[in-house]
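Subject: Structure for you to look at

Dear colleague,

I am passing on the structure we spoke about, together with some notes on what turned up in it. Please open it alongside this message as you read.

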Amino acid sequence: AVSLPQRRCVPFARRPCSPVVYPKPTSKRISERAVWRFIALASVAIALAALVARMSTCSVLRCALVGVGRAGNARLRALESIENIEIPAIVSRREDVKTATLQEALRDESIHAVVVSTESEMHGNIVKQALEARKHVL
């Protein structure tokens with residue numbers, strides 16, 4: 001006869017169980033990056049609302065594009081795909097792309113808006129100049 005090993009009875013409380021994974025608590029604090037993202041989106045929405053209001057009085061919206069790097073090229077293609085938008089001035093450090101200087105674009109009364117696509121460090125100065133020239137800034 002074969003004898004089986006005796007099984008020990010483990011009380012319920014001591015039985016091994018799979019660990020319960022609780023979701024990490026979410027922080028109520030909003031990150032600084034999220035705040036800046038919200039401010040940027042809100043300012044773009046306000047600018048677009050103002051531009052739409054202006055579009056009701058003119059048939060074509062004329063924008064100057066400042067900066068033609070990766071982001072600038074993407075914005076240029078996006079703007080060119082919209083029917084009622086013209087880009088009469090492109091401001092760039094690259095001579096083969098540039099059609100105007102920033103000062104020429106800002107002095108041009110036919111340009112309604114400036115689309116800034118430069119490095120982040122340059123945004124402040126360009127935006128300040130554009131706002132002082134009474135242009136919409138995107």
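The notes below take up a pocket, one residue beside it and the nonpolar cores.

Please keep in mind that this is a predicted model. The second largest pocket has a volume of about 300 Å³, and among the 18 residues that line it, Gly67, Val68, Ser92, Arg93 and Thr118 lie nearest its centre. Helix α2, which covers residues 70-80, gives the most to this lining, with 3 residues. Sorted by class, the lining of the second largest pocket holds 6 nonpolar, 7 polar and 5 charged residues.

Thr118 is found in the loop between β3 and α4. With a relative accessible area of 18%, Thr118 counts as buried, because that value falls under the 20% cut-off. Setting aside neighbours within four places in sequence, Thr118 is in contact with Val66, Gly67, His123 and Ile126.

Turning to the interior, the largest nonpolar core has 13 residues, and those with the most contacts inside it are Val66, Ala89, Leu102, Ala105 and Val114. Two or more residues of this core come from each of β1 (61-66), β2 (85-91), α3 (102-107), β3 (113-116) and α4 (120-132), and the largest share, 3 residues, is given by α3. Val114, not counting residues up to four places away in sequence, touches Ala64, Val66, Leu106, Ala130, Lys135, His136, Val137 and Leu138. Apart from the largest core lies another, of 11 residues, including Leu61, Leu65, Val68 and Val97.

With best wishes

Methods: Residues numbered from 1 in each chain as written. Predicted model: local features only at pLDDT ≥ 70, side-chain atom pairs only at ≥ 80, totals over all residues. Heavy atoms only, no water. 1 Å grid on protein atoms, 1.4 Å probe; cavity = no way out; pocket = protein on both sides within 12 Å on 5 of 7 lines; lining within 4 Å. Points joined across faces, edges and corners; volume = space filled by probe spheres on them. Helix = DSSP H or I, 4+ residues; strand = E, 2+ residues; numbered from the N terminus. Nonpolar A, V, L, I, M, F, W, Y, C, P; charged D, E, K, R; others polar. Core = buried A, V, L, I, M, F, W, Y, C linked by side-chain atoms within 4.5 Å. Buried < 20%, exposed > 50% of the residue type's maximum accessible area, 1.4 Å probe, protein only. Contact = heavy atoms within 4.5 Å.
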